[in-house]
Amino acid sequence: MLQIAQIPVEPRVVLAPMEGVTDRAFRTLIRSLGGVGLAVTEFVSSEGLTREVESAWRMAELDPDEHPVSIQIYGRDPARMAQAARHCESLGADIVDINLGCPSKRVTSGCSGSALMKEPELARDIFHAVRDAITVPMTVKMRLGWCDANLNAPEIAARAEEAGASMVAVHGRTRNQGYKGSARWDEVGAVRRAVSIPLLVNGDIVDPATARAALAASGADGVMVGRAVMHDPWALRRIADDVAGVPFREPTLEERHAVLQAYLDRVTTEHGGEVDRRTAGKVKQVIAYFTKHLHNCRALRHEINRIRTVDDARRLVEAFFRATIAEDREATLQLHELVAARA
Ligand SMILES: Cc1cc2nc3c(=O)[nH]c(=O)nc-3n(C[C@H](O)[C@H](O)[C@H](O)COP(=O)(O)O)c2cc1C
């Protein structure tokens, strides 16, 4: 069983932090499908949190039911990172995670995220400052290194462990790789040999087969899964069921519809019926995730661009599923007739 300090992570499948994706409503939604041992928030700026910037505070808000949950923070000033970490603990975070993986220029030009992998001394100071500031476990998420010439994840992970980190997660790409090429799970194995705290392998894990391959190649204790949920919201559940050795049951169209409706209800409770452009954008995104690969999803995506309120979205989703379920029944009926005629 995977355990981060005193916190059991069961199943050993973790929802990765994704800015603009893993907000509170989305985390709750994915958790409701099962298969999530731990979820991580979008990264939150330590500057924003400590200067009381409203958007940063909102990103760090947690749902009372979503435990265990980790709040991820980024920044380069150890004192501010410590203060931000304390704030995360006071908000109810079970774990505070430090971001050493973000490749975006916006973050690295401020010399945080993956840029810290080039400054191991500063990274170590941040680990110590955060560790000393909180009573909940501290963890670190990183890439393999800045570039191929400097694959120093094992060194950074060892510094994190020395400073008292309780887990490290490693995305098997360098910063300079961005999202190009493939994640190198075997390179994550070098981190396995450098530390004895739990290790999560991350990058390109999309289903049970890739999860098994990543675990075998890296020797990690668990998997962290990100983008796969955008293509298949049940991806973590699928992997978790495989790890547990139980067969995965494909969600029916009715179940997909019900889950999506529950999400829209939640958005209404959180934001009211009239949503701003940002929330409307997220609603469209989530509807796309849940209807991808279904018949007529292209037409739905076209229509969804016109929605102005959550009620618009609800009506559209309702109509889409009614039609898709009816078509599905018709197709099943025809199939049965065909089989009967052949028999
Ligand atoms: C839209 C998006 C936003 C992301 N935001 C974060 C973030 O806030 N913090 C972080 O550590 N990683 C972030 N990542 C990286 C993911 O956590 C993960 O490491 C990466 O996508 C590789 O895993 P995957 O192949 O399972 O997606 C982000 C990735 C994407 C695609």
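Trainee: How many helices and how many strands does the chain have?
Mentor: There are 15 helices and 10 strands in the chain. Keep in mind that this is a predicted model.

Trainee: Okay. What makes the radius of gyration agree with a compact globule?
Mentor: Set the two values side by side. For 343 residues, a compact globule would come out near 20 Å, and the chain has 21 Å, so the two agree. If you'd like the extents too, the C-alpha trace spans about 70 × 50 × 35 Å along its principal axes.

Trainee: What share of the residues is buried?
Mentor: Buried residues are 47% of the 343 in the chain. To earn that word, a residue needs 20 or more other C-beta atoms within 10 Å of its own. As for contacts with a separation of 6 or more, 70% of them link residues that sit 24 or more positions apart.

Trainee: What makes the sheet a barrel, and in what order do the strands come?
Mentor: Here 8 strands close up on themselves, running β3-β4-β5-β6-β7-β8-β9-β10, with parallel pairing. On average, neighbouring strands of this sheet are turned by 25° against each other, direction ignored.

Trainee: How do you know that β6 and β7 pair?
Mentor: Count the bridges. Pairing takes at least two of them, and 5 bridges join β6 (residues 95-100) to β7 (residues 138-143), with the two strands running parallel. For a spot to look at, find Ile-98, which has Val-140 of β7 opposite.

Trainee: And what pairs with β10, over how many bridges?
Mentor: β3 pairs with β10 in the parallel sense over 3 bridges, and β9 also pairs with β10 in the parallel sense over 3 bridges. On the β3 pairing, Leu-15 stands opposite Val-225. On the β9 pairing, Val-201 has Val-223 as its bridge partner.

Trainee: What makes you say that both faces of β10 are covered?
Mentor: Check each side. Gly-222 and Met-224 are buried on one face, and Val-223 and Val-225 are buried on the other.

Trainee: Why is helix α1 called largely enclosed?
Mentor: Because 7 of its 9 residues (24-32) are buried, the rest of the structure largely encloses α1. The buried ones are Arg-24, Ala-25, Phe-26, Arg-27, Leu-29, Ile-30 and Arg-31. Their cover includes β3 (13-15), β4 (38-45) and α12 (253-271). After α1 comes Gly-34, with a positive phi near 90°.

Trainee: Which residues of α11 are buried, and what covers them?
Mentor: Buried in α11 are Ala-235, Leu-236, Arg-237, Arg-238, Ile-239 and Ala-240. Among the elements covering them are β3, α1 and β10. Following α11 is Gly-245, whose phi is positive too, near 75°.

Trainee: What is noteworthy about phi at Glu-52?
Mentor: Glu-52 is not a glycine, and its phi is nevertheless positive, about 55°. You'll find Glu-52 in the loop between α2 (46-50) and α3.

Trainee: Is Glu-52 buried or exposed, and why?
Mentor: The cut-off for exposed is 12 or fewer neighbours. Glu-52 has 9 other C-beta atoms within 10 Å, so Glu-52 is exposed.

Trainee: And Asp-204, buried or exposed?
Mentor: Asp-204 has 21 other C-beta atoms within 10 Å, so Asp-204 is buried. Asp-204 has a positive phi of about 65°, again without being a glycine, and lies in the loop between β9 (199-202) and α9 (208-218).

Trainee: Then why does Asp-328 count as partly exposed?
Mentor: Partly exposed covers the counts between the two cut-offs. Asp-328 has 16 C-beta neighbours inside 10 Å, so that label fits. Asp-328 belongs to helix α15 (residues 310-342).

Trainee: Where are the cis peptide bonds of Pro-11 and Pro-68, and what is omega there?
Mentor: One joins Glu-10 and Pro-11, with omega about 5°, and Pro-11 sits in the loop between β2 (7-9) and β3. Another runs from His-67 to Pro-68, with omega near -5°. That proline, Pro-68, is in the loop between α3 (54-59) and β5 (69-74).

Trainee: Last one: which residues come nearest to the ligand?
Mentor: Of the 22 residues around the ligand, the nearest are Ala-16, Met-18, Phe-43, Gly-226 and Arg-227. The shell splits into 9 nonpolar, 8 polar and 5 charged residues.

Definitions and conventions. Residues are numbered from 1 along each chain as its sequence is written. This is a predicted model: local features need pLDDT of at least 70, side-chain atom pairs count only at pLDDT 80 or more; totals for chains, interfaces and linings use all residues. A residue is near a molecule or strand if its C-beta atom, placed from the backbone, lies within 6 Å of it. Ala, Val, Leu, Ile, Met, Phe, Trp, Tyr, Cys and Pro count as nonpolar, Asp, Glu, Lys and Arg as charged, and the others, Gly among them, as polar. Helices (H or I, at least four residues) and strands (E, at least two) are DSSP runs, numbered from the N terminus. The radius of gyration is taken over C-alpha atoms; the globule rule is 2.2 Å times the number of residues to the power 0.38. Two residues are in contact if their C-beta atoms, placed from the backbone, lie within 7 Å. Axes are lines fitted to C-alpha atoms, for helices over the stretch in contact, and angles run from 0 to 180 degrees between N-to-C directions.
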